[in-house]
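Please look over the structure below. The report covers a metal site, a pair of strands and a pocket.

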Amino acid sequence: MTYQYWNPEYEQMPRRELEAWQLARLRETVARSLRTPFYQKRLGEAGIREPEDLRSLEDLRRVPFTTKQDLREGFPYGFLAIPREEVVRLHASSGTTGIPTTVYFSRGDLARWSGFVARCIYGTGCTREDVFQNMITYGLFTGGLGFHAGAEEVGMLVIPSGAGNTTRQFRLMRDFGTTVVHATPSFLLHVEAKMREEGIRRDALRLRKAFAGAEPYSEDTRRRIEELLAIDVYNSYGLSEMNGPGVAFECQRKNGLHLWEDGYIAEIIDPHTLEPVADGGRGELVLTILCREAAPILRYRTRDLTGFYPDPCPCGRTHRRLYRITGRSDDMLIINGVNVFPSQIEEVIMAMKEVGNNYLIEIEKDGVLDRLTVKTEVGPATFRDDTRPLNALKEKIRHTLQASITINPRVELHESGSLPVSEGKAVRVVDKRPRDV
Ligand code: AMP
Ligand code: ZN
């Protein structure tokens with residue numbers, strides 16, 4: 001395999017140089033953050049009054065964590081480190097977990113950000129020959145404009161189609177010969193199902209790659225999309241607090257996401273004890289952004305559960321690779337006392353060929369007990385007069401789920417296309433249990 005690098009000198013920088021670069025950028029970032037009301041106080045309390053107080057990268061551990069709650073409390077300008085007139089853009093988190101949080105960019109920040117996204121895109125083998133259809137929400141969400149700018153920087157022809165409207169997406173793909181798309185994995189599955197429904201032949205399209213991110217998905221889901229659409233799917237990870245897309249991305253090996261360590265310092269902590277996890281272990285990802293002057297954020301608790309591959313990638317990049325993010329330290333479901341991650345359920349049902357592309361997990365109270373219902377879609381062929389195959393499939397799903405999560409779920413089968421589809425992040429879990437106050 002031949003690899004192409006957008007910034008070879010940075011992507012292949014020897015680790016020692018990379019760490020020296022990180023320490024220099026960290027000090028600049030601390031100097032800037034000391035100009036924000038929030039960090040002046042927070043760092044002051046930790047005895048950090050000037051950047052030189054951090055003598056090594058290990059000293060970063062003296063800096064307290066920053067949480068989403070902190071960002072909300074600092075709303076709107078508590079994290080701004082440059083004069084308001086120098087800010088040229090703001091973005092806000094989609095608010096998956098509540099009130100949105102806002103981040104700011106200077107002109108230089110935008111240039112650095114699109115540079116990282118361009119690096120991700122180019123690293124999958126894309127070139128200016130490609131036609132790129134950005135099938136993700138534009139607007140306050142960072143995925144739209146973030147990818148848009150990065151793809152333009154690579155020199156691809158960019159179609160800013162936005163999310164939704166599959167019929168129009170297909171028309172654009174056919175009219176302009178789209179070769180690469182960006183979308184959530186759930187939207188890609190939806191696109192594929194629609195293609196079959198509308199009788200669009202795969203060879204009528206020139207599609208060869210997709211970037212999929214913004215929500216967790218399993219390796220089985222990736223494989224399913226790749227097989228159904230006959231394309232390569234690359235995992236894309238980012239979060240608005242850390243700019244958005246362009247934080248970590250898969251290279252042509254499709255085996256772990258290179259986290260760009262010249263732009264971010266990553267730590268893995270135990271979400272309960274908040275202590276660092278030993279090398280190679282899994283835990284919660286904590287990130288410090290080194291590439292943004294307008295709104296520096298130090299040691300941000302992402303809540304995303306992952307870890308680092310212990311070995312270097314054969315592609316030659318020196319930046320460490322994250323495991324696929326399996327969920328968040330705060331999306332764990334407790335069902336009748338059993339801990340369940342939605343991703344475990346997805347893994348089971350997506351590995352079954354008979355199961356369609358959309359599913360929904362519902363939890364409600366049934367007397368004193370919790371009841372878990374897993375609703376999945378099945379292909380039209382399964383819905384015939386004879387209900388025996390349906391019942392057999394239901395039983396198989398129930399049985400396999402129970403073996404995996406130790407809970408006996410109710411299984412409902414729905415016709416393909418009948419479960420709700422969201423244009424943004426998929427809503428996969430509906431928790432109807434009354435909350436303790
Ligand atoms: P937002 O700030 O709205 O962009 O949401 C960021 C969050 O989306 C992250 O903290 C993750 O929980 C989730 N996310 C983004 N990309 C991925 C991915 N490739 N895999 C799993 N989760 C992701
Ligand atoms: Zn690699």
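Cys-251 is buried, because its relative accessibility is 3% and the cut-off for buried is under 20%. Cys-315 is buried as well, with a relative accessible area of 1%. These values come from a predicted model.

Both cysteines are zinc ligands. The zinc ion (ligand 2) takes its protein donors from Cys-251 (SG), His-258 (NE2), Cys-313 (SG) and Cys-315 (SG). These donors lie 2.1 to 2.3 Å from the ion. The angles between the four donor atoms run from 102 to 119°, so the arrangement is tetrahedral. For four tetrahedral donors the ideal angle is 109.5 degrees.

How are the donor residues of the zinc ion (ligand 2) spaced in sequence? The pattern is C-x6-H-x54-C-x1-C. Cys-251 sits in the loop between strand E8 (244-250) and strand E9 (257-259). Cys-315 sits in the loop between strand E12 (300-307) and strand E13 (321-322). The pair therefore ties together parts that are 64 residues apart in sequence.

Next, strand E17. This strand spans residues 355-366, and 10 of its 12 residues are buried. E17 pairs with two strands, E18 and E20. The table sets out the two pairings.

| Partner of E17 | Sense | Bridges | One bridge pair |
|---|---|---|---|
| E18 (residues 369-378) | antiparallel | nine bridges | Lys-365 with Asp-370 |
| E20 (residues 429-431) | parallel | three bridges | Glu-362 with Val-430 |

E17 and E18 form a hairpin with two residues between the strands. In that hairpin, Gly-367 takes a positive phi near 70°.

Now the second largest pocket. How much space lies in it? The volume is about 690 Å³. The lining of this pocket counts 23 residues. Those closest to the pocket centre are Ala-266, Glu-267, Ile-268, Asp-279 and Arg-320.

Two elements, helix H2 (15-33) and strand E10 (264-269), each give two or more residues to the lining. E10 gives the most, with four residues. What is the make-up of the lining: how many residues are nonpolar, polar or charged? The lining has 11 nonpolar residues, four polar and eight charged.

To recap, the zinc ion (ligand 2) has a tetrahedral set of four donor atoms. Strand E17 is mostly covered. Strand E10 is the main contributor to the lining of the second largest pocket.

Terms used
Residues numbered from 1 in each chain as written. Chains lettered and ligands numbered in written order. Predicted model: local features only at pLDDT ≥ 70, side-chain atom pairs only at ≥ 80, totals over all residues. Heavy atoms only, no water. Donors = N, O, S within 2.8 Å, 3.2 Å for Na, K, Ca; no water. Tetrahedral: all angles 85-135°; square planar, octahedral: opposite > 155°, others 65-115°. Buried < 20%, exposed > 50% of the residue type's maximum accessible area, 1.4 Å probe, protein only. Pairing = 2+ DSSP bridges. 1 Å grid on protein atoms, 1.4 Å probe; cavity = no way out; pocket = protein on both sides within 12 Å on 5 of 7 lines; lining within 4 Å. Points joined across faces, edges and corners; volume = space filled by probe spheres on them. Nonpolar A, V, L, I, M, F, W, Y, C, P; charged D, E, K, R; others polar.
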